[in-house]
Amino acid sequence: MARPYNLSGAASLQALDNAPALAGTRARSRDAALRFEGAVEEAAGCELAVTGVGKRFGSVTALSDVSLTVASGEFVTILGPSGCGKTTLLRIIAGLEIADTGRVALGGVDITHVPANRRPVNTVFQSYALFPHLDVFENIAFGLRARKFAAAEVDRRVHAALEMLHLDELPQRRTFQLSGGQKQRVALARALVNQPDVLLLDEPMSALDAKLRAEVQLELRRLQRRLGKTFVLVTHDQNEAMTVSDRIFVMRDARIVQSGPPSEVYDRPVNRFVAEFLGTTNLIPAWRNNGSVHTDMGTLAPRAHPSWERGALCIRPERILVRAAKPETNGVCAIVSEVIYRGDHLDVFVQPGSLHLRSSPSASLKPGQKVWLELPSRHLEALGE
Amino acid sequence: MNRLLVWYGELATTRKLTARGLALLAVPLLWIVVLLVAPLGAMVAWSAATRGAAGDIEWTFTLDNFARLAGFDAYGWTRAYLTILGSTVLVSAVTTLASIALAYPLAFFIARRPPGRRYLWLALIIIPFCTNLVIRTYAWMLLLGNQMLPARIAQALHLIEPSAALFPSTFALYIGMVSNSLPFAVLPLYTNVEKLDWALVEASRDLYAGSARVFFHAIFPQTMPGLVTAVILTFIPALGAFVIPDLLGGGKTWMLGNLIQHQFGVSRDFPFGAAVSLVLTFLTMVGLLVLRRSGDEVTFL
Amino acid sequence: MKRRLNPVLSTVAIGTLLFLYLPLLAVAAMSLNAARFGGVWKGLSFRWYAQLAGNDVVLAAAGNTLLLAAVSTAVSTVLGTLLAIGLDRFPWPRWLRRMVDAVVYVPVVTPDIVFAVGMLLAFEAARQFLGGLRLGMGTMIVAHVTFQISFVALVVGSRLATIGRSVEEAARDLYAGTWHALRKVTFPLLAPGIVAGAMLAFTLSLDDFVISFFTSGPSSVTLPLYIYGSLRRGITPEIHALSTIVFIVTVALVLLLQLLSRSPKED
């Protein structure tokens, strides 16, 4: 089964390999994962295709002509601010809402009007929605029992899931006795034990504290890799999106604004919104004159020549370079206005343009100092209004 | 308009869901409507009839009963019934005030208890109320009897005649009414007090406000919703009381409830009784509307 | 933040609590008093309780009370639950929902006596025009059920609201059909609410005096009615014993209700 996703974003992969494994459990859980995978039907080539989906709630448009495709085995994130329609989209894929217009297809089969309980898609809810009257084992077994699996088979699969998600000690626990992290793992196990073609996750980290979040993001990524299943995650947290995804879909106001691997969305934002949503950026107002682009700081050459008359150039703080002397192209002369020590880097603010850049902590920059900056073309994006 | 929708995870049409819903609602809703409309209709119908001389009912349409209530009968105008109306409202109002005055300290007291114990205290308040009204009332009759301690103390202090009991009297009436209303006053207030923003109170204390001002400016406004509910749950039922005025008030202070009870018991004057009941119903609705306006929502426990 | 409460307020609060309990404790104490009249303590004795056991009228009244409570609770729990589910679990337009909610609230806010008189007049009118209807156990049951339905619906309705949507959607997401979801998820989660509603209805019925007073007939005397009747004739120590028993039973029921509604299944 070929994996068509882009392996750029090496930084996050590095983080994955360097992350400390949970002591002693790595080998065991890998075995469990293999047993788990091999135990069931082969997932058919199950590409998820959403075409032209629209949804309105009364006078509010939640989704407007949204289309996306997720290849089999991809980990995809739908990223956007609250109210942009991302949860609605997820629910439509799950079958918990029905679209007004458009089509949802899985592996080529039209599932737009298939009820939720007959879609090979499972969801991890934001509040986890664990069944409070059942213990951990029964929670996980729920889907299997609903599909009338034999008791012995249910037993085998649930135990494999428990092991894979490090829940071995807990099968008899009641849900209110679990910690936040444990609840999330039960929710995951409950969904994954059914071997869905697509796993949907609705802001699964929002109930966890920050430190746990970082660990869980990596675990989730590792899990998806091992299982090779299609994961679709919805979040407003761009760090999360960058950590786990093969591809990101950025949504705003009921539409998808940009899609692509994390590196593309980060380094080559298509408009101001995407640029500002995914981390800090510098926006420089610019206008076109004949063949060149002018700014208050002089003429700058962006990566691609813009088609607009007036717009903005954007460049990430960490891409701006400090030079000893005037660079050949895209040089800006500036005065340092503020330097803030951040431990692993310096945040430096310069005028004109209120530019924000990052430099190594050992650089000797002082407020009032005159510096030459280079804004390399390949990192300088031209954005439309 | 038959839409396809997903409701609680189920894919269905609005038509199917409506049919299912109506099937569930039909019997209970029908029951309530019939058994609310019928009595109300009956009350109206009866109030317009007259009781004949031999005790039979003449189904004429007349407003005589209401006129009688307003004081106009064959002998001219009397204040009797209007006095009853007045004392009903007065007693209810005083009861409400007293209950609220006692409810605030109790609510604060419970709110200051450690969180795990609060349920216990709340249960303690509910329990007496869950006993029968008659039993509770007669328990007061016992306690206020001439041989018991409270009466003995009052006798010693020359507040009452020697060997007299503390009931039947207006005092006993109010004791009974207030003890009957207290739980309904405390619970809504408590739910408010529990969620009080103490930061506001601390702030006003810091500004050297005296206790009274702290209460009226920082605490009282925050408890308004609970207060409104407490007033509704105290005042409205008090309007219809008849057991307590009968047993503890000794028939000296008649309330509308006693009047009604009399018509269906001794007097057998159903039409007049129906008329008085209608007036009481009307009073209740007015009270509810007025009080609901000042508190946006009435939330029960 | 947790400063000590003004001691005056605390005293008033405790005093108020005592105020609520004193009379009932006095009755309980008197029921164990060997003396016939209050004021003098003549020693501990259970003779009044024994006398009660032999009193046929009281036992008949007790039987009536229990029968009334049992039957009316059974009927109202079923109807109230249907009402709550039908109201909450269907996409009614908001105006309709508000209207029905208001209608359901009416029995809860009406003063007992208005409700009782209304019932009585309706029954009497039916008797006059249709004939055959006599006041008795039947009419009392009908009257009780009418106000009980609202209370049951309120309790079950609030439980339904607590359960919320997510759990049911999760069940569907996990391949459950309508029946399976109902049986394995909705009903187990709703059961405590139904039981609580039933217990509330039962307690309300046992407790009721006013409505029974107006809608009862000569052969359907319940305990509260019996006590009221006896009071007019004069208080006897048997009444003390009877009241104490009723008090204890009610307290036990209420405690049970509290325990059930705070079961650890809640999250």
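Two strands are taken as paired if DSSP finds at least two bridges between them. Strand S4 (residues 101–106) of chain A and S5(A) are joined by 2 bridges and run antiparallel. Within this pairing, Ala105(A) stands opposite Asp110(A) in S5(A). The model described here is predicted.

## Chain A: overall organisation

Chain A contains 10 helices and 20 strands. Of its 385 residues, 42% count as buried. Sequence-distant pairs account for much of the contact list: among contacts between residues at least 6 apart in sequence, 69% join residues at least 24 apart. The chain is divided into domain 1 (10–267) and domain 2 (280–383). Taken over C-alpha atoms, the centres of these two domains of chain A are separated by 40 Å.

## Chain A: the sheets

The pairing of S4(A) with S5(A) belongs to an open sheet of 4 strands in chain A, with the order S2-S1-S4-S5 and antiparallel pairing. Its edges are formed by strand S2 (60–70) and strand S5 (109–110) of chain A, each of which pairs on one side only.

Parallel pairing occurs around strand S8 (residues 230–235) of chain A. Strand S3 (residues 75–79) of chain A runs parallel to S8(A) and is joined to it by 5 bridges. In this pair, Val76(A) has Val232(A) as its bridge partner. Strand S7 (residues 198–202) of chain A also runs parallel to S8(A), with 5 bridges between them, and Leu199(A) stands opposite Phe231(A). Between S7(A) and S8(A) the chain passes through helix H7 (residues 210–227) of chain A, in a right-handed β-α-β crossover.

Strand S8(A) is largely enclosed by the rest of the structure, because 6 of its 6 residues are buried. In a regular strand the side chains alternate between the two faces of the sheet. In S8(A) both faces are covered: Thr230(A), Val232(A) and Val234(A) are buried on one side, and Phe231(A), Leu233(A) and Thr235(A) are buried on the other. Val232(A), the bridge partner of Val76(A), and Phe231(A), which faces Leu199(A) across the pairing, therefore lie on opposite sides of a strand whose two faces are both covered.

## Chain C: an all-helical chain

Chain C has 11 helices and 0 strands. Its elements, read from the N terminus on, run α-α-α-α-α-α-α-α-α-α-α. The radius of gyration of chain C is 23 Å, whereas a compact globule of 267 residues would have one near 18 Å. Along the principal axes, the C-alpha atoms of chain C fill a box of roughly 70 × 65 × 35 Å. Of the 267 residues of this chain, 47% count as buried. Among contacts in chain C between residues at least 6 apart in sequence, 80% join residues at least 24 apart.

The domain assignment of chain C gives domain 1 (7–34 + 41–45) and domain 2 (56–261). The C-alpha centres of these domains of chain C lie 31 Å apart. At their boundary, 5 residues of domain 1 of chain C are in contact with 6 residues of domain 2 of chain C. The side of domain 1 that touches domain 2 in chain C comprises 4 nonpolar residues, 1 polar residue and no charged residues.

## Contacts between chains

The table sets out the contacts of chain B with its two partners.

| Pair | Residues on one side | Residues on the other side |
|---|---|---|
| Chain A and chain B | 6 residues of chain A | 6 residues of chain B |
| Chain B and chain C | 73 residues of chain B | 74 residues of chain C |

On the side of chain B that touches chain C, helix H1 (residues 14–47) of chain B supplies the largest share, 20 residues. By class, that side of chain B divides into 56 nonpolar, 14 polar and 3 charged residues. Chain A contacts chain B through 6 residues, and this side of chain A has 4 nonpolar, 1 polar and 1 charged residues.

## A residue in chain B

Val201(B) lies in helix H8 (residues 198–206) of chain B. This residue is partly exposed, because 19 other C-beta atoms lie within 10 Å, while a buried residue would have 20 or more. Not counting residues up to four places away in sequence, Val201(B) touches Val214(B), Ala218(B) and Ile219(B). The C-alpha atoms of Val201(B) and His217(B), which are 16 residues apart along the chain, are separated by 8.8 Å.

How values were computed: Residues are numbered from 1 along each chain as its sequence is written. Chains are lettered from A and ligands numbered from 1 in the order in which they are written. A residue is buried if 20 or more other C-beta atoms lie within 10 Å of its own, exposed if 12 or fewer, and partly exposed in between; C-beta atoms are placed from the backbone. Two residues are in contact if their C-beta atoms, placed from the backbone, lie within 7 Å. Domain bounds come from an automatic or database domain assignment. Ala, Val, Leu, Ile, Met, Phe, Trp, Tyr, Cys and Pro count as nonpolar, Asp, Glu, Lys and Arg as charged, and the others, Gly among them, as polar. A crossover is right-handed if, with the strands pointing away from the viewer, the path from the first strand over the helix to the second runs clockwise. The radius of gyration is taken over C-alpha atoms; the globule rule is 2.2 Å times the number of residues to the power 0.38.
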